[in-house]
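Please walk me through this structure, taking its sheets and the helices around them in turn, and then a single residue elsewhere in the chain.

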Amino acid sequence: MFARLRLSSHFPPRIRQVKVTIRTFSQAKFSHPRSHGKSFAHRSELKQAKRIVVKLGSAVVTRGDECGLALGRLASIVEQVAMLQNQGREMMIVTSGAVAFGKQRLRHEILLSQSVRQALHSGQNQLKEMAIPVLEARACAAAGQSGLMALYEAMFTQYSICTAQILVTNLDFHDEQKRRNLNSTLLELLRMNIVPIINTNDAVVPPPVPNSDLQGVISIKDNDSLAARLAVEMKVDLLIALSDVQGLYDSPPGTDDAKLIDIFYPGDQQSITYGTKSRVGIGGMEAKVKAALWALQGGSSVVIANGTDPKVTGHVITDIVEGKKVGTFFSEVKPAGPTVEQQTEMARHAGRTLASLLPEQRGEIICSLAELLTEKKDEILSANKRDMEIATASGRFSQALIDRLSLSTAKLNSLAIGLRQLAVSSRDSVGRVLRRTRIANNLELEQITVPIGVLLVIFESRPDCLPQVSALAIASGNALLLKGGKEASNTNRILHQLTQEALSIHGVADSIQLVSTREEVEDLCRLDKVIDLIIPRGSSQLVRDIQRAAKGIPVLGHSEGVCHVYIDSEASIDKAIDIVRDSKCDYPAACNAMETLLIHRDLLRTPIFDQIIDMLRTEHVKIHAGPRFASYLTFGPSEVKSLRIEYGDLECCIEVVDSMQEAVDHIHKYGSSHTDVIVTENEETAEQFLQQVDSACVFFNSSSRFADGYRFGLGAEVGISTARIHARGPVGLEGLLTTKWVLRGEGHTVADFSEHGSMKYLHENIPVPQGSFS
């Protein structure tokens, strides 16, 4: 048999004992056995993959000069394979690199030999003219195999993992007895927790014969076909093929219109235009696709990804196994609807038409949506009831989240009123002239408002967010992708259908898309080439996760709503009680609800303090004590662990301050720059507070719950921003617009205004009448 097995020499009894320990621990971490025979339908299922083949292409393993190995890259790949192996998975590597490694060794030997001979006969001045003969690939493979394997052994030994080398040829698969022997050998190695390192025996293998595939069986022409054949023979769950490109493109990478294919389905081959093969290797993308489809047909899932990009090499394999959107995933299950990339393109195309509509037409769409919310309220509430029942029965959601999920007739009526307000204000949105400047005679400049482009709004629980955000996108002429939580799927579905029904009045139904595929939020945040702004609506954890994941896409939002109400020593008792009750108890799950109550020290042990405490207890608000407040208590609530907590429920912290200035300092130290309130009858103190507090919303003698786009008269809001650029506070229509500059001339050139030119700059501001449009 041509398969040769060589166990690592670094395998003393000490390592054997360590290996058994790791194996037991790993199995406890990974327990997703599955019956083989059908590939995974979705990326998210790749987490269940137990037996995995990682194929390393020549471009991944070798250096750019094709002489020697890319050691840093290889070490990173070995680390990831070792991590997965120690989770209890069964890892195999199909590797290239023997030829490159051997070429490096043979070139070194030839140069050394030539330099000695020439130094003896011709002198040192001749050394630069030495020519290296063309090296035969089989000889390079023979010289490089041992060194390549020794390198793998040394690297895996660092993780207490043993390796074994197996060299194969086509005959080992075509001969039934040899195939059974190979299968038996590999199974025994996997059982012993050894990582097989597999390669074609390039020292003896004959050149591939074109079109030599047997009926229904792929021929071993390169390591792509070897990996595919091995995957099917060994009933592998996942084959990861690493190359020097991001994945499969619909046309050669680097061409203007080339698009990376996220998921490739059998039958899509006709839509692909292949380019040339990589700088090294004998395969090419066409060979990779053929091998991948063959493995897929045999029941193994396949992902083709980039193993050379330094930004992702350190985690590309683990990312794939975790189900992240990396490279091209081959699937036999084609979804009924469009992919999220296709949805984005549809939205962008229809969004441009939406932006070109007259303001009155966009207003008609919004009014139509408002009417549908009231006309179809029974259907909406029925769908919402199903979501509420499922969420409650699951037991996985807090009461605060279930409260956000709930819709009512009153909420729908309030939404409809807000949308009608927005329809009126939308007439002064897209195309409004902000400034006009006469640069020179017959050369005028305008700054006008325009849509941002494609918005991605990711929201948890609150289905009322969908019509609000949709109406704002319509008013501002923006395309919109919506990604709601699974807990509100039924409600979101009908609300989106009504939105598209309203949009169809003017033929722009595709401008707002609901992402219903199994798309992870982190994957959506990577679509930086098609999405212009991300707006998260949900928990502080969701916002933080999105801000962390969105590389290259701006995120508009706030991570927390730690809102304060400060009761000054000169506060009205009635106002204080009403404002604190409303700020905390009206809707405690909202981001603008009070979380910390600051009380002036002089109010302790006074009727106003006692009445506030009694009111909070009557409203069943759980009280937590800040450090100073706790120091005044003999009995009562224990000291809070943090003053930066957003409770989102009927809970709040009470802390004591000595002055208004100390309250301001506390807010700046522990607040989230969202909404903060002062209650006082001293207008001078109030004005100082309003000027000094650096938050998006600062209120005087009014509830924190007023921090809302509808209550501000914006009609609706996409959220509240605590950022200091672009939009801040409740973000309505204005926050979803950007600007562009329009210059109108008559053949003007910059040269006309040079030192020797005939024209002079005027830079005169031209008054812009209110409501002027370009």
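**Sheets, helices and a buried serine**

In this predicted model, strand E20, which covers residues 675-679, pairs with E21 in the parallel sense over four bridges. Within that pairing, Ile678 has Phe700 of E21 as its bridge partner. Between the two strands the chain passes through helix H24 (residues 683-692), and the β-α-β crossover from E20 to E21 that results is right-handed. Strand E21 itself, residues 697-700, has two unlike faces: Cys697 and Phe699 lie on the covered one, whereas Val698 and Phe700 lie on the uncovered one. Phe700, the bridge partner of Ile678, therefore belongs to the uncovered face of E21.

These two strands are part of an open sheet of six strands, which has the order E18-E19-E17-E16-E20-E21 and parallel pairing. Strand E18 (622-625) and E21 stand at the edges, and because each has a single partner strand, one side of each is left without a neighbour in the sheet. From one strand to the next, the twist averages 20°. On its other side, E20 pairs with strand E16 (residues 563-567), again in the parallel sense and over four bridges, and here Ile567 stands opposite Val679 in E20. Helix H24 packs on this sheet, where it touches E16, E20 and E21, and its direction makes about 175° with that of E21.

A second open sheet is built from four strands in the order E14-E13-E12-E15, and its pairing is parallel. Its edges are formed by strand E14 (512-514) and strand E15 (533-537); each has a single partner strand, so one side of each is left without a neighbour in the sheet. Neighbouring strands are turned by 20° against each other on average, direction ignored. Strand E13, residues 479-484, runs parallel to E14 and is joined to E14 by three bridges, and in E14 the bridge partner of Leu481 is Gln513. Helix H11 packs on this sheet and touches strand E12 (454-459), E13 and E14, with a direction that makes about 145° with that of E13. Helix H16 also packs on the sheet, touching E12, E13, E14 and E15, and its direction makes about 170° with that of E13.

Both H11 and H16 are also among the elements against which the buried residues of helix H12 pack; the list there comprises helix H11 (340-356), helix H13 (377-394), helix H15 (409-425), helix H16 (465-476) and helix H17 (489-503). The residues buried in H12 are Pro359, Arg362, Gly363, Ile365, Ile366, Ser368, Leu369, Ala370, Leu372 and Leu373. How far apart are the end C-alpha atoms of H12? At 1.5 Å a residue, the 17 residues of this helix (residues 359-375) should span 24 Å, and the end C-alpha atoms are indeed 24 Å apart, which agrees with the expectation.

The last stop is Ser76, a residue of helix H3 (residues 71-85). Is Ser76 buried or exposed? Its relative accessibility is 14%, and Ser76 therefore counts as buried, since the cut-off for a buried residue is under 20%. When residues up to four places away in sequence are not counted, Ser76 touches Thr313 and Gly314. With Thr313 there is also a contact of the Ser76 side chain, which reaches the backbone oxygen of Thr313 at 3.4 Å.

Note on methods. Residues are numbered from 1 along each chain as its sequence is written. This is a predicted model: local features need pLDDT of at least 70, side-chain atom pairs count only at pLDDT 80 or more; totals for chains, interfaces and linings use all residues. Side-chain values use heavy atoms; hydrogens and water are left out. The expected span of a helix is 1.5 Å times one less than its number of residues. Buried means under 20% relative accessible area, exposed over 50%, partly exposed in between (1.4 Å probe, protein chains only). Contact means heavy atoms within 4.5 Å. Two strands pair if DSSP finds at least two bridges between them. A crossover is right-handed if, with the strands pointing away from the viewer, the path from the first strand over the helix to the second runs clockwise. Axes are lines fitted to C-alpha atoms, for helices over the stretch in contact, and angles run from 0 to 180 degrees between N-to-C directions. A polar contact is a pair of N or O atoms within 3.5 Å; within protein, one must be able to donate a hydrogen and the other to accept it, and residues adjacent in sequence count only if both atoms are side-chain atoms.
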